[in-house]
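Me: I'm new to this one, so could you take me through its buried interior at a close look? Please explain the terms as you go.

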Amino acid sequence: MAIMFSKVTMRNDYNESEFFVSGFPQEAEDLEGWTAYHSFLDEINEDTIVNVRTEAYLYGEGETFRATPEEVAYMMMREERDPEFLSGHCDCIGESDFNIHWHPDELFGQGFVEL
């Protein structure tokens, strides 16, 4: 069994955040529900462009499954303990870059427009 997860880097003019999520996000909607994603956006109080880069990885072999939140947390722990974990123990299967035009005062937290 192989689990699929991604390392996400979000940045704007003032901040940067890296975190792991399940699957291979390729648009903002794919990050919905992940606390680190929402926390990054919650800190922004002006209209801005947020650059998002995702790197998808497989850990293990065989049939591929999306990582559970617990498996994502375990992969983060492994990477924190061993900075070479991703390159030494995982296979990078793809990368994606996209931008979010963030409007923090839009209703119901849907303050983005995909570019």
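Reply: Here is a walk through the interior, then the parts around it.

A quick word on the ground rules: residues are numbered from 1 along each chain as its sequence is written, and side-chain values use heavy atoms, with hydrogens and water left out. This is a predicted model, where local features need pLDDT of at least 70, side-chain atom pairs count only at pLDDT 80 or more, and totals for chains, interfaces and linings use all residues.

Let's start with the largest nonpolar core, which has 26 residues. A nonpolar core here is a set of buried Ala, Val, Leu, Ile, Met, Phe, Trp, Tyr and Cys residues joined through side-chain atoms within 4.5 Å. Buried means under 20% relative accessible area, exposed means over 50%, and partly exposed is in between (1.4 Å probe, protein chains only). The members that touch the most others are F5, M10, Y37, L41, V50 and V52. Two or more residues each come from β1 (2-11), β2 (16-22), α1, β3, α2 (69-81), α3 (85-89) and β5 (91-102). β1 hands over the largest share, four residues. Those labels are DSSP runs numbered from the N terminus: helices are H or I with at least four residues, strands are E with at least two.

Now for α1, residues 35-42, where Y37, F40 and L41 are buried. These three sit on the same side of α1 because they cover an arc of only 95° around the axis, going by the directions from the helix axis to the C-beta atoms. In general, an α-helix has 3.6 residues a turn, so residues three or four places apart point the same way. Turned away from the buried side of α1, the other face carries exposed T35 and D42.

Over in the strands, β1 and β2 run antiparallel and are joined by seven bridges; strands pair if DSSP finds at least two bridges between them. A hairpin through four residues links β1 to β2, and T9 has E18 in β2 as its bridge partner. β2 is mostly covered, with five of its seven residues buried.

T48 belongs to strand β3 (residues 48-60), and T48 counts as buried because its relative accessibility is 9%. Neighbours within four places in sequence aside, T48 is in contact (heavy atoms within 4.5 Å) with N12, I100, H101 and W102.

What about disulfides, meaning pairs of cysteine sulfur atoms within 2.5 Å? There are zero. The sulfur of C90 lies 9.7 Å from its closest cysteine sulfur, in C92, so that is too far for a bond. C90 is buried at 7% relative accessibility, while C92 is partly exposed at 42%.

Methods:
Disulfide = S-S within 2.5 Å.
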